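Ready to practise reading a protein structure? Take a look at the chain below, then try the exercises before you check the solutions.

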Amino acid sequence: MFFDGYGYHGTSFEQIYRCYPASFIEKPQIESGDKIIMPPSALDRLASLHIDYPMLFELRNDAAERVSHCGVLEFIAEEGMIYMPYWMMENMLLQEGDIVKVKNVTLPKGTYVKLQPHTKDFLDISNPKAILETTLRNFSCLTTGDSIMVAYNNKKYYIDIIETKPDNAISIIETDCEVDFAPPLDYKEPEKPIAPLSAGKAAVAAEETPAEEEPKFNPFSGTGRRLDGKPLNYQPPPVSSSGSKDQKSDVVNSQSSTASSSQSNARQSQGKLVFGSNANRTNETGKVICCLTPTC
């Protein structure tokens, strides 16, 4: 069966057309949706087929291996031509007059779609959900991988369709569809401020830091001297700095007892006053010895 020189055959609709943007036909309203304008011969062929309504089509650009889906708004285009939204031509990498294959399809009703705005400006709109719902009323279907255009307040916002369920292409006519948003493409995670160390963490860090060893105090590390200026008969052994405090105290005690006994004997013979001596109260010279120990 042929219509105006264009051949249609079989039980499905499949035809090749040259595509042009909507500005060529002065139909700017189709830019806000996903519907195309087809020639009258396409309507005649579709009416003779037992196809499902609403009419949905697969658009294929074999040169760029791009596929999308759309609906139809009117059948008033010139034969051999179709008019498309410009954003749809951009998705499919089509230029004015390029060849596109159009085929009627049946798509499942959508249950889920995930969208990702190109810029975070879209989220700054006072009510982006309401704007999106209004825009999607002009759409018949959605295809994973497409980028749709949302016009609002004289500005165009582009949104990627990154996931659809139950299939890669879904119908959104008269269906309840869950919509989810991914972070915008230009969104950046805010830098987390460096928190100061708490008292507990600071204490743990201080404990982990090895403390420098302080020099140890070694008492009685010098040599003894007599009060009368005479040399000592006993020379104490040198004290090791690495010894323990107990060893040092033992050496000092032994030195003190030995020195005191020798000094006591020497001084007693010369009639000197000796403090802390355990000697007798009188000596050979007959001088008095002062004892300040509790045993005296």
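Here are three short exercises on this predicted model.

**Exercise 1. Describe the chain as a whole.**

Solution. Start with the secondary structure: the chain has 5 helices and 14 strands. Next, turn to burial: of the 296 residues, 33% are buried. Then look at the surface, where about 19,300 Å² is exposed and carbon and sulfur atoms supply 52% of that area. Finally, consider contacts between residues at least 6 apart in sequence: 71% of them join residues at least 24 apart.

**Exercise 2. Find the largest nonpolar core and explore the contacts of Ile82.**

Solution. Begin with the core itself, which has 41 residues. Among those with the most contacts inside it are Phe13, Phe57, Ile82 and Leu142. This core takes at least three residues from each of domain 1 (14-104) and domain 2 (112-181). A second, separate core has 6 residues, including Tyr20, Ile30, Ile37 and Ala77. Now step to Ile82: beyond its neighbours within four places in sequence, its contacts include Tyr17, Cys19, Met38, Pro39 and Val102. Tyr20 and Ile37 are also in contact with Ile82. As a general background, nonpolar side chains tend to be buried together in soluble globular proteins.

**Exercise 3. Is Phe181 buried or partly exposed? Which surface patch does Phe181 help to form?**

Solution. First locate Phe181: this residue lies in strand 14 (residues 178-181). Then check its relative accessible area, which is 33%. Buried would require under 20% and exposed over 50%, so values in between count as partly exposed. Phe181 is therefore partly exposed. Last, find its partners: Phe181 forms a nonpolar surface patch with Leu123 and Val179, and together they have about 230 Å² of accessible area.

Key. Residues numbered from 1 in each chain as written. Predicted model: local features only at pLDDT ≥ 70, side-chain atom pairs only at ≥ 80, totals over all residues. Heavy atoms only, no water. Core = buried A, V, L, I, M, F, W, Y, C linked by side-chain atoms within 4.5 Å. Buried < 20%, exposed > 50% of the residue type's maximum accessible area, 1.4 Å probe, protein only. Domains from an automatic or database assignment. Contact = heavy atoms within 4.5 Å. Patch = residues over 30% accessible without salt bridge, like charges linked within 9 Å, V, L, I, M, F, W, Y side chains within 5 Å. Areas by Shrake-Rupley, 256 points an atom, 1.4 Å probe, with all protein chains shown as cover. Salt bridge = Lys/Arg side-chain N within 4 Å of Asp/Glu carboxyl O. Helix = DSSP H or I, 4+ residues; strand = E, 2+ residues; numbered from the N terminus.
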